[in-house]
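The paragraphs below walk through one protein model, from its sheets and helices to its cores and empty spaces. Please keep the sequence at hand while reading.

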Amino acid sequence: MFDVIIAGCGPTGAMLAAELRLHDVRVLVLEKETEPVSFVRIVGLHIRSIELMAMRGLLDRILERGRKRPAGGFFAAITKPAPKGLDSAHAYVLGIPQPVIVHLLEEHAIQLGAQVRRGCAVADFEQDDEGVTVELADGEQLRSRYLVGCDGGRSTVRKLLGVGFPGEPSRTETLMGEMEVGVPQEEIAAKVTEIHETNKIFSLRPFSEGVYRVVVPVAGVSDRAVPPTLEDFKQQLRTVAGTDFGVHSPRWLSRFGDATRLAERYRVGRVLLAGDAAHVHPPTGGQGLNLGVGDAFNLGWKLAAQIRGWAPETLLDTYQAERHPVAEDVLHNTRAQMELLSTEPGPQAVRRLLTELMDFDEVNRYLIEKITAIGIRYDFGAGPDLLGRRLRDIDVKQGHLYGLLHRGRGLLLDRTERLTVGGWSDRVDYLADSTAVLDVPCVLLRPDGHVAWIGDDQQDLDDHLSRWFGKPAN
């Protein structure tokens, strides 16, 4: 008997498993693939995801394997630098190979005590008032109190659950791979610059000695279950660029579409959805992995609270209430970005206008904060603008704020040094620090780093502790 079974050991599933283990929840992760992916696709961790890694003490080991890049030029590949003074101690993007980040997060979950079983695919499940019976493809049955589908855009869990996945199917697709080329670098650079005047998706970028990352759009849609061939790349390169650049010796080849879909519900009874199982969209702006990691951070402590028995009655419902609108916003902005990448005259005219508007700091800042997820504000009711937002990694007398959040607990930062967390001390840590650089007296942080309360009144604080952390222990 497990507390939670997670289907899928990608970044979302691994991160969720680790978050649950911080609260001693018995977790089993089922991954249908027997081996991790072999191809080395580079993904980007945006500012908020980097902050989340710092909050759990993972950032140093991730930085060792990644490469920092400026936090700009994301929105529809419009090349504007990031505005100065972004509200983060980690105002950069970290490029990291996808297999590396998945391995690091899976290793983190295992070190915390999660079990991971590879070569195990969920075939069916049934839920009742007490839990979920999960049947594997080989007929084995497992029992848990909850099941979370983190099994990708074609999620078996979502389909079995009968949750609608409305949106738009893929209209176009893009080929992406790494391979060697047979022409000089100067010739490639000149041709790419020429094409990039009208086609912002197309690119050939050096990846390592003699190896290029090739991205080329395709008209129409193929069966994504069928991997592309080198000949497919050659043919499409000739169509778009007039040459196949002598590509050969591919390292890996893949294709992705521009389908845009959002699950109607994130929870049905004891079964929940997270990551690509709940939302899919084009990779424009590099938001997909980051959106899934955000889901895991939002859900983990809430599901753990439910299992540990101290969750307020509606706490688990706030997972959908908070994360569904965030995903909806990502779908909206990726739709807009895809239009701006069109080669048609109308979208190109809008692109030129937006490029001019982004010279205004307010416009550029708004779009960067949207893409990197530091602009998210959950609706916690009326209050100061900081309420519902994440708090940056400020300096405190014990070092850095995020260093106090490694255990995944709430935190009261008390600049008045006269409040207390009282009977919630088993769930909420306390720091009295009159020197903390804040323009409010005290803040209560949830385990995901979002500000749940601002003030200096003990009774008001107790009411909000009850709202987020249940009844006091004594």
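This is a predicted model. A good place to enter it is helix H4, residues 98-111, which lies across strands S3 and S5 and runs at about 90° to S5. The two strands under this helix belong to an open sheet of three strands, ordered S3-S5-S4, with antiparallel pairing. Strand S3 (42-45) and strand S4 (67-69) are its edge strands, each pairing on one side only. From one strand to the next, the twist averages 35°. Strands of a sheet are held to one another by backbone hydrogen bonds, in either a parallel or an antiparallel arrangement.

Strand S5 covers residues 93-97 and is joined to S3 by four bridges, the two strands running antiparallel. One pairing to look for is that of glycine 44 with its bridge partner in S5, glycine 95. Isoleucine 96 is also in strand S5. Is isoleucine 96 buried or exposed? Its relative accessibility is 0%, and because buried means under 20%, isoleucine 96 counts as buried. Leaving aside residues up to four places away in sequence, isoleucine 96 touches Arg41, Ile42, Val43, Leu45, Ile62, Arg65, Gly66, Ile101 and Leu104. Valine 216 is 120 residues from isoleucine 96 in sequence, and the C-alpha atoms of the two are 21 Å apart in space.

A second sheet to examine is also open and has four strands in the order S12-S13-S11-S14, with antiparallel pairing. Its edges are strand S12 (203-208) and strand S14 (248-257), each of which pairs on one side only. Direction ignored, neighbouring strands of this sheet are turned by 20° against each other on average. Strand S11, residues 172-180, pairs with S14 in the antiparallel sense over seven bridges. Within that pairing, glutamate 180 has histidine 248 of S14 as its bridge partner. Helix H7 (residues 230-241) lies across S11, S12, S14 and strand S13 (211-219), and it runs at about 70° to S13.

Further along the chain comes strand S21, residues 410-414, which is mostly covered, with five of its five residues buried. Side chains in a regular strand point alternately to the two faces of the sheet. In S21 both faces are covered: Gly410, Leu412 and Asp414 are buried on one side, and Leu411 and Leu413 are buried on the other. S21 pairs with strand S22 (residues 428-432) in the parallel sense, over five bridges. Glycine 410 has valine 428 as its bridge partner in S22. With strand S23 (residues 442-445), S21 pairs in the antiparallel sense over four bridges. Here leucine 411 stands opposite leucine 445 of S23.

Next, the nonpolar interior. Which residues have the most contacts inside the largest nonpolar core? They are Ile6, Val148 and Leu303, in a core of 115 residues. Helix H8 (residues 288-308) gives the largest share of this core, eleven residues. Taking valine 148 as an example, and not counting residues up to four places away in sequence, its contacts are Val4, Ile5, Ile6, Ala7, Leu16, Leu272, Ala274, Leu299 and Leu303. Another core, of 17 residues, lies apart from the largest one, and among its members are Leu175, Met179, Val181 and Phe245.

The last topic is empty space. Such space shows up when a probe the size of a water molecule is rolled over the atoms. The second largest pocket holds about 650 Å³ of space. It is lined by 38 residues, of which Arg323, Val326, Ile376, Arg377 and Tyr378 are the closest to its centre. At least two lining residues come from each of helix H2 (47-55), H8, helix H9 (317-340), helix H11 (361-371) and helix H12 (458-469). H9 supplies nine residues, the largest share of this lining.

How many cavities of 30 Å³ or more does a search of the whole structure find? The search finds one. The largest cavity contains about 40 Å³ of space. Its lining consists of Gly72, Gly73, Phe74, Phe75, Ile78, Lys80, Met358, Asn364, Leu367, Ile368 and Ile371.

Key:
Residues numbered from 1 in each chain as written. Predicted model: local features only at pLDDT ≥ 70, side-chain atom pairs only at ≥ 80, totals over all residues. Heavy atoms only, no water. Pairing = 2+ DSSP bridges. Axes fitted to C-alpha atoms, helices over the stretch in contact; angles between N-to-C directions. Contact = heavy atoms within 4.5 Å. Core = buried A, V, L, I, M, F, W, Y, C linked by side-chain atoms within 4.5 Å. Buried < 20%, exposed > 50% of the residue type's maximum accessible area, 1.4 Å probe, protein only. 1 Å grid on protein atoms, 1.4 Å probe; cavity = no way out; pocket = protein on both sides within 12 Å on 5 of 7 lines; lining within 4 Å. Points joined across faces, edges and corners; volume = space filled by probe spheres on them.
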